[in-house]
Amino acid sequence: MLHRKTVIASFIGIGLFASGFAIGQDNGLWQRHPNLAQAEQSCHQADQYLLNAQRANHWDLHGHAAHAERLLQDADHEIWAAARDADHR
């Protein structure tokens, strides 16, 4: 059970990292929208805190941290969409 939780959390973390890497490739977009860039960075920082909390609690947070990670990933995508929309005005 512990191994399964570790694998699931790892995949979620890799997904968030990959989405952050893809978003980070358009530095010009973030330079034009620094507040959105800071919000996006905060999502990644919050994800790291969740990962640390999961490790500290032996991956036993009853799915709440994983749910929070999914919500952060949704927020990250929405911030990206907001930056793209703001850029097309």
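The legends below describe close-up views of a predicted model.

**View 1. The whole chain is an all-helical arrangement of the pattern α-α-α-α.** The protein contains four helices and zero strands. Of its 89 residues, 29% count as buried, and the protein exposes about 6,000 Å², of which carbon and sulfur atoms supply 58%. Among contacts with a separation of 6 or more, 70% are accounted for by residues 24 or more positions apart.

**View 2. The largest nonpolar core of the protein is made up of 10 residues.** These residues are Leu29, Trp30, Ala37, Cys43, Leu50, Ala65, Leu72, Ile79, Trp80 and Ala83. Helices α2 (27–32), α3 (34–56) and α4 (64–87) are the elements that each give two or more residues to this core, and the most comes from α4, which gives five residues. In soluble globular proteins, nonpolar side chains tend to be buried together.

**View 3. Trp30 and Trp80 form a tilted aromatic pair.** A pair of aromatic rings is described by the distance of the centres and the angle of the planes. For Trp30 and Trp80 the centres lie 5.8 Å apart, with 50 degrees between the planes; because a pair counts as tilted when this angle is neither under 30 degrees nor over 60, the value falls in that class. The count of aromatic pairs in the model comes to one. Trp30 belongs to helix α2 and Trp80 to helix α4, so the pair ties together parts that are 50 residues apart in sequence. Both Trp30 and Trp80 are buried, and both belong to the largest nonpolar core.

**View 4. Ile79 is in contact with residues that include Trp30 and Cys43.** Once its neighbours within four places in sequence are left aside, Ile79 is in contact with Trp30, Leu36, Ala39, Glu40 and Cys43. Of these partners, Trp30 and Cys43 are listed with Ile79 in the largest nonpolar core. Ile79 itself is one of the buried residues of α4.

**View 5. Helix α4 carries buried residues along with the partly exposed Ala82.** The 24 residues of α4 should span 34 Å at 1.5 Å a residue, and its end C-alpha atoms are 35 Å apart, which agrees. Buried in this helix are Ala65, Ala66, Glu69, Leu72, Asp76, Ile79, Trp80, Ala81 and Ala83. An α-helix has 3.6 residues a turn, so residues three or four places apart point the same way. Ala82 also lies in helix α4, but its relative accessible area is 32%, and Ala82 is therefore partly exposed. Although Ala82 and Leu36 are 46 residues apart in sequence, their C-alpha atoms are 7.8 Å apart in space.

**View 6. His58 and Trp59 lie in the loop between α3 and α4.** Most residues other than glycine have a negative phi. Neither of these two residues is a glycine, yet His58 has a positive phi near 55 degrees, and the phi of Trp59 is also positive, at about 65 degrees. Their accessibilities fall on opposite sides of the cut-offs: His58 counts as exposed because its relative accessibility, 60%, is over 50%, whereas Trp59 counts as buried because its relative accessible area, 17%, is under 20%.

Notes. Residues numbered from 1 in each chain as written. Predicted model: local features only at pLDDT ≥ 70, side-chain atom pairs only at ≥ 80, totals over all residues. Heavy atoms only, no water. Buried < 20%, exposed > 50% of the residue type's maximum accessible area, 1.4 Å probe, protein only. Contact = heavy atoms within 4.5 Å. Areas by Shrake-Rupley, 256 points an atom, 1.4 Å probe, with all protein chains shown as cover. Core = buried A, V, L, I, M, F, W, Y, C linked by side-chain atoms within 4.5 Å. Phe/Tyr/Trp six-rings, centres within 6.5 Å; stacked < 30°, edge-to-face > 60°. Expected span 1.5 Å × (residues − 1).
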